[in-house]
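Here is a quick tour of this protein, written for someone who would rather look at the model than read a long list. Keep the viewer open and follow along.

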Amino acid sequence: MNLPPGLSVKGGHLHIGGHDTVALAAKFGTPLYVTDEDRVRARYREVYGALSSRYDRVRVLYAAKANGNPAILRALAGEGAGADVFSAGELELALGAGMDPDRLLFNGSSKSPADLALAVEKGVRVSVDCLDELRELDRVAGDAGKRPEISFRVNPALEVPTHPKIATGLRTSKFGIPAGDILGAYRAALACEHVTPAGIHCHIGSQILEVEPFARAARVMTDLAAGLTDLGVKLRFIDLGGGLGIPYRHGADAAPSFQDYAAAVVPVFSAGVKEAGIAPELWVEPGRYLVADSTVLLARVNSVKEAHRRFANVDAGFNLLVRPVMYGSHHDVVVANKADRPPAHRYTIAGPICETGDLLAEDRDLPQVAAGDLVAVLDTGAYGFAMSSQYNGRPRCAEVLVRGPDAAPMRRAETTGDLTAATERPPWQGGR
């Protein structure tokens, strides 16, 4: 197996960012997420450099939904990143991490009046998803005596090669306004008293392993931008969203780099805006691409069972990593304390959750596995902890950040007390 950058094998143990995962598990316990901050920063620089070397007005907004830990957001803020936020919580996390409100975009298909009021209060641009939302935002902004900048999210009706649950630019998707209706939406915005249309936005999907769909989306967006310019809209930015995937099957998946993305997309974008006679900023929203391969999930083997399969039962399940269950997603696994040994048997890595589908990895050729061994699930930095839960009454695990020689918790492990921390006893039930 080829390992992603930042991972290595030394003395038979898997290392991340130069740190022995076996030692980290012994110090901080398992299950445990471990993230390499240097890898996150390097990925941001790769993305920004690929785009800015081809177009001089670029902004990178991290898709905060991928991993909203404040330590990750602070690291990216330090690199100059903004964020695509999808909730009031993500907005507050981004601001708390030091991100400039001017570098945030509040996205989402179902924002509440309170969400819109918060965006207006904090000076955050809103990507409007429908005309009802436009009218509510205009009212909220008027009440606040402010005039926020907005974009509309376009549904470009593009088929893309990815899982249907994360193909967000399909004609049937819940997201955005159909491209054929977008001029009418901007006419409505221009007629509003308390908002200023300043951009246009799309997002076609996630984990896409080809660059051609992004080039098509850029063409759709610049064509629309030309029509909006004729309408009198002064576009400050065109946001092409995110979605470039990573190779979860190392050595097997062919995945384009962001250099490949930029080489395909920027010429189309540049030609399109030149034809339209405008020079807007180019915004992108990478999430997975920035953080996925920065992180491993470490799980201790509780037992090995011979049945119709050979199961290695570990202490992490879909309560901590739901992607394999939700999407049928593949994650490579390494026996971290036997990382230099050849395969001996085929194992299925099973979690502790009371669901038949709680399988983190199926039918993997691994070294001899025994109780007490340490399994590392790779590429778990995106949509890992972010989608975790307390299902089956299991407290969520700790997260550790490494950078250079240092390693420190960026989230403590929950306790069983955290399971009831937000609950209350109805008065008729008595007791304390």
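Let's start inside. This is a predicted model, and its largest cavity is lined by Y33, T35, A66, N67, T295, T380, G381, G384, F385, A386 and E399. That cavity has a volume of about 40 Å³, and the structure holds one cavity of 30 Å³ or more. Rolling a probe the size of a water molecule over the atoms is what shows where empty space is left.

One of those lining residues, G384, is worth a closer look. G384 sits in the loop between β19 and β20. Is G384 buried or exposed? With a relative accessible area of 0%, G384 is buried. Leaving aside residues up to four places away in sequence, G384 touches Y33, L320 and L321, and Y33 also appears in the cavity lining. G384 and A292 are 92 residues apart in sequence, yet their C-alpha atoms are 8.7 Å apart in space.

The loop between β19 (374-378) and β20 (398-403) also carries D379, which brings us to some backbone oddities. Most residues other than glycine have a negative phi, and most peptide bonds are trans. D379 goes the other way, with a positive phi of about 60° although it is not a glycine. D363 is another non-glycine with a positive phi, of about 55°, but D363 is placed in strand β18 (residues 359-366). As for the peptide bonds, the one from T30 to P31 is cis, with omega near -5°. You'll find P31 in the loop between α1 (21-28) and β4 (32-36).

Here is how some of the residues in this tour score on accessibility:

| Residue | Relative accessible area | Class |
|---|---|---|
| E79 | 17% | buried |
| D363 | 37% | partly exposed |
| D379 | 1% | buried |
| G384 | 0% | buried |

E79 counts as buried because its 17% falls under the 20% cut-off.

Now for strand β5. Six of the six residues of β5 (residues 58-63) are buried, so this strand is largely enclosed by the rest of the structure. Which residues cover its two sides? V58, V60 and Y62 lie on one side, R59, L61 and A63 on the other, and all are buried. Strands of a sheet pair through backbone hydrogen bonds, either parallel or antiparallel. β5 pairs in the parallel sense with strand β13 (residues 281-284) over three bridges, and there V60 has V284 as its bridge partner. β5 also pairs in the parallel sense with strand β6 (residues 82-85), over three bridges, where L61 is partnered with G82. To get from β5 to β6, the chain passes through helix α3 (residues 70-79), and this β-α-β crossover is right-handed.

Helix α3 is also where E79 lies. Not counting residues up to four places away in sequence, E79 touches R41, Y44 and R45. Y48 is 31 residues from E79 along the chain, and their C-alpha atoms are separated by 9.7 Å.

Another helix to pull up is α6 (residues 131-144). At 1.5 Å a residue, its 14 residues should span 20 Å, and its end C-alpha atoms are 20 Å apart, so the two agree. Which residues of α6 are buried? They are E133, L134, L137, D138, V140 and A141. An α-helix has 3.6 residues a turn, so residues three or four places apart point the same way. The elements covering the buried residues of α6 include α5 (113-122), β8 (125-128), β9 (149-155) and α7 (182-191). Just after α6, G145 takes a positive phi of about 70°.

Last stop, back toward the start of the chain. An open sheet of three strands runs in the order β1-β2-β3, with antiparallel pairing. Its edge strands are β1 (7-10) and β3 (19-20), each pairing on one side only. β1 and strand β2 (residues 13-16) run antiparallel and are joined by four bridges. One pair to find in the viewer is S8 and its bridge partner in β2, H15.

Key
Residues numbered from 1 in each chain as written. Predicted model: local features only at pLDDT ≥ 70, side-chain atom pairs only at ≥ 80, totals over all residues. Heavy atoms only, no water. Pairing = 2+ DSSP bridges. Buried < 20%, exposed > 50% of the residue type's maximum accessible area, 1.4 Å probe, protein only. Right-handed = clockwise from strand over helix to strand, strands pointing away. Expected span 1.5 Å × (residues − 1). Contact = heavy atoms within 4.5 Å. 1 Å grid on protein atoms, 1.4 Å probe; cavity = no way out; pocket = protein on both sides within 12 Å on 5 of 7 lines; lining within 4 Å. Points joined across faces, edges and corners; volume = space filled by probe spheres on them.
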